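Please examine the structure shown below before reading the explanation that follows. The paragraphs begin with one enclosed space and then turn to the elements around it.

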Amino acid sequence: MEILLATIFVVFLAVIRGKIGHKARSPIFSTLLMSLLLVAFIVVMIINKEPINMQGP
Amino acid sequence: MSAPGYSNPPGWYSRFILEPLGLNKENDVVFWLIFLFGGLLLCSFWYSQGNIWIALSSLLLVSVVVLTILRADYSLYLLLFSVIIFEQFRIPGFDFFPSHVSYFSSITEIPYFSYLPLNIFSALELHFLLICFSTFLMLSLKFGPRWRPIPAAIPYTIFLTTIIGAIVYGIQKSGSISIALWESRAILYFLLLYFMVPQIIQSKRQIRALFWILITAVSIKALYLVYWYINSGYLQGNSHMLIGSENALFLVTMLVMGISVISISVKDKQKWVLLALLPFVLIGFYAVAAEVAYFSLAVSIAVFCFLVPATARKRFILLISPFLIAVVVYSAIFTGSNEWVDLRKEQAKIESMWKKAEQFFADVDSKLYQEVKLYNISDLLRESPIIGTGFGYKAEHKVVSTDVLTVREKIPQNQSLWLLLKAGIPGLLAFTFLFTTYLAKAVKLLSSVTDPYLGIILRVIVVVVVYQLIIQFFEPQLLYYRSMIFLGCLMGLYPAINKTTFKKTGTANKSKAKQNRLEGRAVNNKISKTFN
């Protein structure tokens, strides 16, 4: 769920960058930064995944 | 060389062949096409000993080849139509007749073409190859379309490199080539169309034609879904495989387009067709979509709110409010853990439920089993955290024995994590980079688009990209050929919209400059007259 919310946040950031960002400059650096942060977050989350509860909730 | 005013007498070719058919030398290609198809039909009949279906299928194959070589754009429309109408997976209980066409299967699996030595290609891939050949031929001859740069070229190149790298790495690590290609095929299709569509679709007229094809194909599907929904006793998703299939993506596209034409005033025939079909599309979407699709659509609609012009935003919010209320009420009734047991009965058929540990081997769709997959992925990622395992490599899963499950059953629903596992951090990074850059560029272009129709198309593309980014957390969309091809087609329209917009703006600026120049001259003349 955290990964999904982080992705939605990044999607909105990309849309906002396109809408109100600097028109003359390419958005490539800001989107690269967003992507780096998102991937770093996903990697940390998945590597630290706790063992599962096999019995369910 | 004949003298002016004098023409050579018609030869035997014109006199005995073209004239009886009412043709001349300008349109004699018609004769050659008739000759080719007639000869082919005769040969097919002779070869198949009078089997009409083999003869017709051979004729169809050659027709597609001829069409593609003459007009690659028409062939692309045909490809998009086929992708929407046909199904990648056979769905039990869904007897829509085009679902039986083996467009995505290997050529040798199609009975009428089993004699062809093309067992590694599917009919779709042959169609791709033909379109690529025709387009590159036209580009090299500088005949028709011109070379157009693709949007977000740097992220695209990085993503393509990481995917190819992951395929090579997986095969080098004793992976299977066939599994590697199976796993990466949909992504490769997407990348191919993302590159090829800008070289084929280059004008507003072609974009409109593409959307007419899309509307026609999705309407046929939606109408059949409504029929199927009524026939199945108004049960939503009584076939598990239909729920969450790629059909929801096509219906979402049309739904968003319908909402757009209502919110933003545009004078186009497509508006009235979309409005007439909107109720069927809504019912079709309800019939095939699971809650995850509603959630993804809700996020996409929220993004759409940002993109609607300020003047149309109020109308859009008023229009969308009843639907949002209906979705909230529906979700509250059907997904809450409350006492509405009777109402939950139908929903229980399609929901992934928690299963007991001893049952999870049997039900690979259960929520618990998804957790098991995530645990396995995190375990594998700890072993190779940076470059992943590569495509085609059969990684040993810790919790589940590899003997029990097929490769497909090991793939997690969350495709970001699957991509992270297969192509490593560079793969996921390149994927996110490509999509976020594309979104930012498309939204940026939206502020310059003056044509209302192209504005709607660009908004639809942005919404579909967002929908796809969200839905791939719940469904293995990166493995579905149809959704990735569709996405590649839509995203590839950006250069045509960009070029049309700036061509118009450029013309507008030019005429404005000319007007200013004339006004300036008039003022100068007036000043000089005054002084004289």
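In the lining of the second largest cavity, α16(B) contributes the largest share, namely 6 residues. The model in which this cavity appears is a predicted one. Helix α16 of chain B does not line the space alone: at least two residues each are also supplied by α1 (2-20) and α2 (28-47) of chain A. The cavity has a volume of about 90 Å³. Among its 13 lining residues, those closest to the centre are A:Thr7, A:Leu38, B:Phe431, B:Thr432 and B:Leu469. What classes of residue make up this lining? There are 8 nonpolar and 5 polar residues, and no charged ones. In total, the model holds 6 cavities of 30 Å³ or more.

The helix that gives the largest share of this lining deserves a description of its own. Helix α16 of chain B runs over residues 415-446 and thus contains 32 residues. A straight helix, at 1.5 Å a residue, would reach 46 Å, yet the C-alpha atoms at the ends of α16(B) are only 29 Å apart. Where does α16(B) bend? A bend of about 130° is found at B:Ala423, and the proline B:Pro426 follows within four residues. The helix is also mostly covered, for 29 of its 32 residues are buried.

One residue of this helix may serve as an example. B:Val443 has its place in helix α16 of chain B. Is B:Val443 buried or exposed? Its relative accessible area is 3%, and because buried means under 20%, B:Val443 counts as buried. Which residues does B:Val443 touch, when its neighbours within four places in sequence are left aside? The contacts are with A:Val15, A:Gly18 and A:Lys19 of chain A, and with B:Leu307 and B:Val462 of chain B. A further distance concerns B:Leu210, which lies 233 residues from B:Val443 along the chain; the C-alpha atoms of the two are separated by 21 Å.

Finally, the view may be widened to chain B as a whole. This chain has 19 helices and 0 strands. Of its 532 residues, 51% count as buried. Among contacts in chain B with a separation of 6 or more, 73% are accounted for by residues 24 or more positions apart. Within this chain, α16 is the helix that bends at B:Ala423, has 29 buried residues and supplies 6 residues to the lining of the second largest cavity.

Methods. Residues are numbered from 1 along each chain as its sequence is written. Chains are lettered from A and ligands numbered from 1 in the order in which they are written. This is a predicted model: local features need pLDDT of at least 70, side-chain atom pairs count only at pLDDT 80 or more; totals for chains, interfaces and linings use all residues. Side-chain values use heavy atoms; hydrogens and water are left out. The expected span of a helix is 1.5 Å times one less than its number of residues. The bend at a residue is the angle between axes fitted to the seven residues ending there and the seven starting there. Buried means under 20% relative accessible area, exposed over 50%, partly exposed in between (1.4 Å probe, protein chains only). On a 1 Å grid over the protein atoms alone, a cavity is a set of points where a 1.4 Å probe fits but cannot get out, and a pocket is an open set with protein on both sides within 12 Å along at least five of seven lines; lining residues have an atom within 4 Å of a point. Grid points are joined across faces, edges and corners, and a volume is the space filled by probe spheres set on the points. Ala, Val, Leu, Ile, Met, Phe, Trp, Tyr, Cys and Pro count as nonpolar, Asp, Glu, Lys and Arg as charged, and the others, Gly among them, as polar. Contact means heavy atoms within 4.5 Å.
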